[in-house]
Amino acid sequence: QGAQELPWLPRCLPENVGMIVSTLPGKTLDEVTERGYEFLKIEPLSRQEREHLIRSFLAQYSKQLNSQQLQTIIDNQKTSNPLAMKIMLDELRQFGIYEELDEIIHQYLSADSITEMLKLVLKRYEKDYQVNHPTLVKETLCSIWSARQGLSEAELLDLLSDNGLPLAQAIWSPLHLALGESINDRSGLMNFSHQYFRQAVEEYYLTSKAEKRVFHKKL
């Protein structure tokens with residue numbers, strides 16, 4: 001509704017107010033450029049930064065990689081993108097089978113794009129969180145996708161209802177926690193935190209107009 005052109009953001013701020021914002025290329029960057037704001041393009045992570053990030057992130061969870069695994073990730077140009085690196089590290093910290101770690105690293109580094117990496121994450125969610133609800137991940141994410149302004153938790157649990165009753169917290173909470181930073185809560189409404197995740201959900205689950213219509217109709 002025109003929000004990306006920033007009509008809601010005052011052109012003149014009080015002298016004692018400073019502001020730092022971030023955005024992807026597109027309408028918003030075009031607008032701030034036109035306004036004459038100073039901007040800094042975030043450069044790819046250096047090899048040294050990648051190594052530091054891997055070690056420090058995994059150390060928080062008492063985990064580490066062997067030297068060969070560490071070098072494999074650092075050598076791959078894909079991990080110079082901070083978001084790609086974050087996706088990779090989030091998956092590594094949650095993966096519990098050490099013998100299969102090399103395969104997981106290869107799988108994520110072989111993905112063609114951030115969106116493809118996120119599709120791998122969606123597959124992992126399906127494997128981990130659908131024991132008691134066989135379509136939980138799809139229904140959750142497609143319901144959020146179909147809501148223009150996002151959904152409250154109560155609204156979502158109603159949409160996921162079973163036998164007329166809201167979905168039990170015991171089923172919903174593990175997936176909610178796993179989604180983590182992929183979902184934002186703005187004024188009580190859940191929505192995707194970045195466009196890459198929305199795109200991954202759309203490409204993975206909603207490949208036709210008919211499928212999109214189903215969720216819009218349900219909403």
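## A walk through the model

Start by selecting C142: its relative accessibility is 0%, so this cysteine counts as buried. Before going further, keep in mind that you're looking at a predicted model.

For contrast, hop over to C12. That cysteine has 70% relative accessibility, so C12 counts as exposed. Fancy hunting for disulfides while you have cysteines selected? You can skip it, as the count comes to zero.

**Zoom out**

Now show the whole chain as a cartoon. You should find eleven helices and two strands. Trace them from the N terminus and the order reads α-α-α-α-α-α-α-α-α-β-β-α-α. Taken along the principal axes, the C-alpha atoms fill a box of roughly 55 × 55 × 35 Å.

Switch on a surface and you've got about 14,000 Å² of accessible area, 52% of it belonging to carbon and sulfur atoms. Underneath, 37% of the 219 residues count as buried. If you like drawing contacts, take those with a separation of 6 or more: 64% of them link residues 24 or more positions apart.

**A patch on the outside**

Next, select L13, V17, M19 and V21 with the surface still on. Together these residues make a nonpolar patch of about 320 Å². Click on V21, which sits in the segment before α1 (27-34). With 55% relative accessibility, V21 is over the 50% cut-off, so V21 counts as exposed.

**Along helix α10**

Hide the surface and pick residues 195-205, which form helix α10. Which residues of α10 are buried? Colour F197, R198, A200, V201 and Y205 to see them. They span an arc of only 160° around the axis, so they end up on the same side of α10.

What covers those buried residues? Show α6 (114-129), α7 (136-146), α9 (169-179), β2 (189-192) and α11 (209-218), which are among the elements that do so.

**Last stop: H194**

Slide to the loop between β2 and α10, where you'll meet H194. Is H194 buried or exposed? In between, actually: its relative accessibility is 23%, so H194 counts as partly exposed.

Who does H194 touch? Set aside its neighbours within four places in sequence, and you'll find H194 in contact with L83 and L118. To finish, draw a line from H194 to N184, C-alpha to C-alpha: these two are ten residues apart in sequence and 8.9 Å apart in space.

Key. Residues are numbered from 1 along each chain as its sequence is written. This is a predicted model: local features need pLDDT of at least 70, side-chain atom pairs count only at pLDDT 80 or more; totals for chains, interfaces and linings use all residues. Side-chain values use heavy atoms; hydrogens and water are left out. Patches are made of residues with over 30% relative accessible area and no salt bridge: like charges are joined within 9 Å, nonpolar side chains (Val, Leu, Ile, Met, Phe, Trp, Tyr) within 5 Å. Accessible areas come from the Shrake-Rupley method with a 1.4 Å probe; for residues, only the protein chains shown count as cover. A salt bridge is a side-chain nitrogen of Lys or Arg within 4 Å of a carboxyl oxygen of Asp or Glu. Helices (H or I, at least four residues) and strands (E, at least two) are DSSP runs, numbered from the N terminus. Buried means under 20% relative accessible area, exposed over 50%, partly exposed in between (1.4 Å probe, protein chains only). A disulfide is a pair of cysteine sulfur atoms within 2.5 Å. Contact means heavy atoms within 4.5 Å. The arc is that of the directions from the helix axis to the C-beta atoms.
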